[in-house]
Amino acid sequence: MNEKERLLSTLGGRHADRAPFICPGGMMNMAVTELMDAAESSWPEAHSDPEKMARLTLAANRLGGIENTGVPFCMTVEAEAMGAQVSLGSRGNEPRVTEYAIGRLDEIARLRPIDPGKGRAKVCADAIRILKKEAPETPVIANLTGPVSLASSLIDPLVFYKGLITDSQKAHKLMELVTENLIRFGDALAEAGADVICIADPSASGEILGKKAFAEFAIPYINILVNYFREEHGIPSIVHICGDVRCLGSLLSEIASESISVDAMVSINTLKELAPAKVSMGNVSTYLLEKGAPDDITKHGERCLRIGVDILAPACGISPITPVVNIKGLSRAALEVHTPVAL
Amino acid sequence: MTRERGDILKDLMDGVFLMNEELVIKAANEIVAAGYDAYDAINNGLIAGMNQAGVLFDKEEYFVPELLICSDAMYAGIEILRPHLKVGDARVKHKVVIGVVEGDTHDIGKNLVKIMMDAAGFEVHDLGRNVPLASFVEKAKEVGAELICLSTLMTTTMDGMATVIEMLKEEGIRDAHKVIIGGGPISQAFANKIGADGYADNAAGAIRVANSLLAKVAA
């Protein structure tokens with residue numbers, strides 16, 4: 001099986017020869033400075049140049065043993081296209097929003113629609129086209145900023161969170177607009193050849209929103225996205241939920257994606273209990289990945305696989321100063337433990 | 001007709017923790033009009049309500065949106081009452097410097113801790129987010145802060161917390177400032193490892209840790 005067949009089979013709930021080891025990109029960062037040197041493609045330039053973007057993610061695949069490629073390397077492409085000011089950061093720091101696009105929920109008319117033919121949205125689609133040519137057997141993951149996280153990149157999160165209670169109709173209007181735009185951007189990435197969609201929504205953890213607001217403001221919009229990409233493009237989705245998902249309980253299983261990825265504090269057994277029908281993904285501590293010895297990382301990865309994780313992956317974005325030998329340590333666990341995917 | 005002090009205080013408290021800012025504003029204006037003590041109204045009305053909201057947050061009945069709305073109501077009431085404080089009301093408060101360490105812009109957790117510290121009667125100096133590490137030390141020296149609170153949500157910026165502690169050591173003022181750390185990837189084990197004085201896993205916990213550290217200093 002090649003990397004693409006293995007990941008797509010696993011996400012489809014079909015038999016695979018072993019569990020894949022992936023690191024999607026986006027919030028779930030895969031780029032480290034050592035790879036930037038090897039690929040001669042460094043942040044921040046790689047955020048706005050399709051050649052460099054493709055080269056850096058390919059280096060993660062070829063040198064780090066990560067069994068996918070993925071774009072972009074941040075969560076700011078959509079917000080910038082819609083009107084937020086963004087700093088692209090530095091070699092060791094990811095891009096971030098420096099100025100929100102709007103100040104109040106009733107200003108959403110001022111938000112611009114994402115134009116996938118322009119700016120860094122186009123860079124991402126172009127990078128995917130390069131990756132499809134360069135590495136046709138490696139799955140390309142298109143990373144979308146989760147709807148709540150995008151909304152709270154366009155308006156101050158404090159204003160947004162309060163609005164969920166005090167002005168819920170307008171908050172829903174913003175969520176609808178954000179979701180439409182994510183579809184527009186996702187369409188372009190899917191048409192460029194993306195094989196999998198990954199949505200990470202760190203601003204929508206159960207610990208921040210609570211169960212009720214998570215059910216009202218996170219799940220419906222995430223589900224519109226994943227159902228759309230499945231039905232319109234035949235593409236499966238991974239949804240990463242930050243924080244302790246135990247406070248969401250059985251709500252977790254209402255997320256319509258094929259796979260759910262969780263943070264390091266959640267055990268894979270808990271994930272399987274709460275969302276038994278989902279392909280489980282996770283959840284090696286990125287702190288261990290950065291600081292641990294390669295052998296310990298391999299052992300930890302093997303433990304995750306023996307518990308039955310379906311896709312081995314870091315529990316969050318990896319730190320840009322993580323040594324490549326550590327990433328390869330995790331890759332080794334996937335190569336050595338041949339547990340067939342059991343669903 | 002003037003209502004009893006206790007009835008108005010109850011409105012202030014309920015208004016804060018039931019997220020009813022209009023009720024708070026009405027009751028605060030009533031305190032002023034009746035000539036009741038503004039300091040008493042802030043402490044036994046508004047702050048008591050915020051502390052109740054903190055209890056609900058601790059019990060996972062309230063979450064971030066609720067706590068933010070409660071704090072807006074509290075601050076709206078404080079705005080009205082503050083001009084009516086008497087000269088002798090300003091007690092010496094414990095001073096705190098708080099911020100999100102450099103490289104990280106996630107400040108929701110830090111904001112919650114700030115709100116609860118305001119409510120708990122600390123004098124809070126908020127440096128904001130993505131704060132250069134040396135600024136924590138400078139500000140703590142400048143205002144004579146007893147506590148430095150460091151927050152981060154990212155594993156990539158955790159080590160900045162250790163750097164702040166090293167800077168305090170280098171300047172020979174480590175013992176003058178207690179350091180409390182918190183945020184998503186932070187644990188008690190990490191706090192022990194870098195030699196922080198305390199760790200808190202949520203906003204209410206931060207107040208408990210702060211008070212217990214200050215009690216130790218006093219003892």
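**Exercise 1.** At what angle do helix 12 and helix 13 of chain A pack, and how far apart are their axes?

*Solution.* The model is predicted.
- Step 1. Locate the pair: helix 12 of chain A spans residues 294-307, and helix 13 of chain A spans residues 324-336.
- Step 2. Read the geometry. The angle is about 35°, and the axes are 8 Å apart.
- Step 3. Assign the hand. The crossing of helix 12 of chain A and helix 13 of chain A is right-handed.
- Step 4. List the contact residues. Helix 12 of chain A contributes residues including A:Ile297, A:Gly301 and A:Leu305, while A:Val325, A:Gly329 and A:Ala333 are among those from helix 13 of chain A.
- Step 5. Sort this contact by class: seven residues are nonpolar, four polar and five charged.

**Exercise 2.** Describe the side of chain A that touches chain B, element by element and class by class.

*Solution.*
- Step 1. Count both sides. Chain A has 20 residues in contact with 15 residues of chain B.
- Step 2. Find the elements. At least two residues each come from helix 7 (157-166), helix 9 (206-233) and helix 11 (286-291) of chain A.
- Step 3. Rank them. Helix 7 of chain A supplies the largest share, seven residues.
- Step 4. Classify. This side of chain A holds 12 nonpolar, five polar and three charged residues.

**Exercise 3.** Which residues touch the most other members of the largest nonpolar core? Trace the core from there.

*Solution.*
- Step 1. Recall the trend: nonpolar side chains in soluble globular proteins tend to be buried together.
- Step 2. Name the hubs. In this core of 196 residues they are A:Ile128, A:Ala194, A:Leu312, B:Val16 and B:Met116.
- Step 3. Find the main contributor. Helix 9 of chain A gives the most, 11 residues.
- Step 4. Place the core in chain B. Domain 1 (5-89) and domain 2 (95-218) of chain B both give residues, so the core lies between them.
- Step 5. Inspect one hub. Beyond four places in sequence, A:Ala194 is in contact with A:Ile128, A:Val140, A:Ile141, A:Ala142, A:Leu189 and A:Ile235. A:Ile128 is itself one of the hubs.

**Exercise 4.** How many residues of domain 1 of chain B are in contact with domain 2 of chain B? Characterise the domain 1 side.

*Solution.*
- Step 1. Set the bounds: domain 1 of chain B is 5-89, and domain 2 of chain B is 95-218.
- Step 2. Gauge the separation. Their C-alpha centres lie 27 Å apart.
- Step 3. Count. 10 residues of domain 1 of chain B are in contact with seven of domain 2 of chain B.
- Step 4. Find the elements. Helix 3 (38-58) and helix 4 (64-81) of chain B each give two or more residues to the domain 1 side. Helix 3 of chain B gives the most, six residues.
- Step 5. Classify. The domain 1 side has six nonpolar, three polar and one charged residues.

Key. Residues numbered from 1 in each chain as written. Chains lettered and ligands numbered in written order. Predicted model: local features only at pLDDT ≥ 70, side-chain atom pairs only at ≥ 80, totals over all residues. Axes fitted to C-alpha atoms, helices over the stretch in contact; angles between N-to-C directions. Helix = DSSP H or I, 4+ residues; strand = E, 2+ residues; numbered from the N terminus. Left-handed = near helix turned anticlockwise from the far one by under 90°. Contact = placed C-beta atoms within 7 Å. Nonpolar A, V, L, I, M, F, W, Y, C, P; charged D, E, K, R; others polar. Core = buried A, V, L, I, M, F, W, Y, C linked by C-beta atoms within 7 Å. Buried ≥ 20, exposed ≤ 12 C-beta atoms within 10 Å, placed from the backbone. Domains from an automatic or database assignment.
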